[in-house]
Amino acid sequence: MSQRSRRVDDPLWKSILEQTFSHFLRFIFSDADTVFDLNKPFDYLDKEFESLFPPESNGRGVRYVDKLVKVFLKDGSEQFVLCHVEIQSSKGKGDLAERMFRYFYRIWDRYGVPITAIAILADGSKEYRPMIYIQKFMGTTLRYGFNSYKILDQEESALRANENPFSVIVLTALLAIVNKKVSDEGLKAIKHDLYDEMMKREMDKETRQGLYDFLTYYVSFDNEQVLSIFEEEIKTKIGRSDTMGTQEYLL
């Protein structure tokens, strides 16, 4: 699970957030069912976000994952919230808080609606935990705070006890952080364990397929043949011969 062998996980995060977004909201916000109208479809504003923040021409691939999602509230009106979600997988330039503020004011300027911002930190640094942006000059002060969820802070036992399907996603990312030097056989055992955790939770077929693809491809094997062995072992477990979903997204 060395950094050199890890598959670029940005597309996987972007895909799994769409496949599990209602579970994600319930995972992050304990009162999600009373605040959000989860019976109404989500509107994923990827193109709108890219128009506000075009990809850097000199960037080396996708540095961050950003999901701008319109979510309807459950207050009897059609008011909606634009949720900005960012997956920060490394310390980068250390400018996450400032970027989160830029996201906020540009989205607010364009749409003029309430925004809740969530940064999921999937890095391996215990000290890195941005959650506030402050700017001061000549008696004028700006303070912008946002939700910050540090995967490294999470207790493995608590994630295993959590029945929310999104807990398997966080558990996958956590185990990737704390088991960086595991062998291919050790990694395969971890993926089997994650598969078993997934099967303990109730979810629809599409969500289950998305979780399976995430835990399978989030960290790649050094020897690609081990991936084939793992998939064959899973097929034996479930008695099926097809594994589609995020694979199609990646292709």
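This is a tutorial dialogue about reading the features of a predicted model.

Trainee: Let's start with the overview. How many helices and strands does the protein chain have?

Mentor: The protein chain has 11 helices and 7 strands. Keep in mind that this is a predicted model. Of its 251 residues, 48% are buried. Among contacts with a separation of 6 or more, 67% are between residues 24 or more positions apart.

Trainee: Now the strands. How should I read the two faces of a strand, and which residues lie on each side of β4?

Mentor: The general idea is that side chains in a regular strand alternate between the two faces of the sheet. In β4, one side carries Ile115, Ala117, Ala119 and Leu121, and the other carries Thr116, Ile118 and Ile120. Both of these faces are covered, with all of those residues buried. Because 7 of the 7 residues of β4 are buried, the strand is largely enclosed by the rest of the structure.

Trainee: In which sense do β4 and β7 pair, parallel or antiparallel?

Mentor: They pair in the parallel sense, over 4 bridges, with β7 spanning residues 147-150. To find your place in that pairing, look for Leu121, which stands opposite Lys150 in β7.

Trainee: What comes after β4, and is Ala122 buried or exposed?

Mentor: Ala122 sits in the loop between β4 and β5. It is buried, because its relative accessible area of 6% falls under the 20% cut-off. Here is a pair to look for on screen: Ala122 and Leu174 are 52 residues apart in sequence, yet their C-alpha atoms are 7.7 Å apart in space.

Trainee: Let's move on to β5 and β6. How many bridges join them?

Mentor: There are 6 bridges, and the strands, residues 132-137 and residues 140-145, pair in the antiparallel sense. To follow the register, note that Ile132 has Gly145 as its bridge partner, while Tyr133 is partnered by Tyr144. The two strands form a hairpin with 2 residues between them.

Trainee: What should I look for in the turn, and which residue there has a positive phi?

Mentor: As a general idea, most residues other than glycine have a negative phi. Here the residue to look at is Met138, whose phi is near 50 degrees, a positive value in a residue other than glycine. Met138 lies in the loop between β5 and β6. It counts as exposed because its relative accessible area is 72%, and the cut-off is over 50%.

Trainee: Turning to helices, how do I read burial there, and how many residues of α2 are buried?

Mentor: A helix has 3.6 residues a turn, so residues three or four places apart point the same way. For α2, residues 21-28, the helix is mostly covered, with 6 of its 8 residues buried. The buried ones are Phe21, Ser22, His23, Phe24, Leu25 and Phe27.

Trainee: How do I read a helix pair, and at what angle do α7 and α9 cross?

Mentor: Angles under 35 degrees count as roughly parallel, and those over 145 as roughly antiparallel. The axes of α7, residues 166-178, and α9 come within 10 Å and cross at roughly 0 degrees. That makes these two helices roughly parallel. Val168, Ile169 and Thr172 of α7 make the contact with Leu211, Phe214 and Leu215 of α9. By class, these residues are 5 nonpolar, 1 polar and no charged.

Trainee: And which residues make the contact of α7 with α8?

Mentor: First the geometry: α7 and α8, residues 184-199, pack at an angle of about 165 degrees with their axes 10 Å apart. The pair is therefore roughly antiparallel, and α7 passes α8 in a right-handed crossing. On α7, the contact is made by Val168, Leu171, Thr172 and Leu175, and on α8 by Ile190, Asp193, Leu194, Glu197 and Met198. This contact has 6 nonpolar, 1 polar and 2 charged residues.

Trainee: One last pair. How are α9 and α10 arranged, roughly parallel or antiparallel?

Mentor: Their axes come within 11 Å and cross at roughly 150 degrees, and they are therefore roughly antiparallel. The crossing of α9 past α10 is right-handed. Tyr212, Leu215, Thr216 and Tyr217 in α9 meet Leu227, Phe230, Glu231 and Ile234 in α10. Those residues divide into 6 nonpolar, 1 polar and 1 charged.

Definitions and conventions:
Residues are numbered from 1 along each chain as its sequence is written. This is a predicted model: local features need pLDDT of at least 70, side-chain atom pairs count only at pLDDT 80 or more; totals for chains, interfaces and linings use all residues. Side-chain values use heavy atoms; hydrogens and water are left out. Two strands pair if DSSP finds at least two bridges between them. Axes are lines fitted to C-alpha atoms, for helices over the stretch in contact, and angles run from 0 to 180 degrees between N-to-C directions. Angles under 35 degrees count as roughly parallel, over 145 as roughly antiparallel, 65 to 115 as roughly perpendicular and the rest as oblique. A crossing is left-handed if the near helix is turned anticlockwise from the far one by less than a right angle, and right-handed if clockwise. Contact means heavy atoms within 4.5 Å. Ala, Val, Leu, Ile, Met, Phe, Trp, Tyr, Cys and Pro count as nonpolar, Asp, Glu, Lys and Arg as charged, and the others, Gly among them, as polar. Buried means under 20% relative accessible area, exposed over 50%, partly exposed in between (1.4 Å probe, protein chains only).
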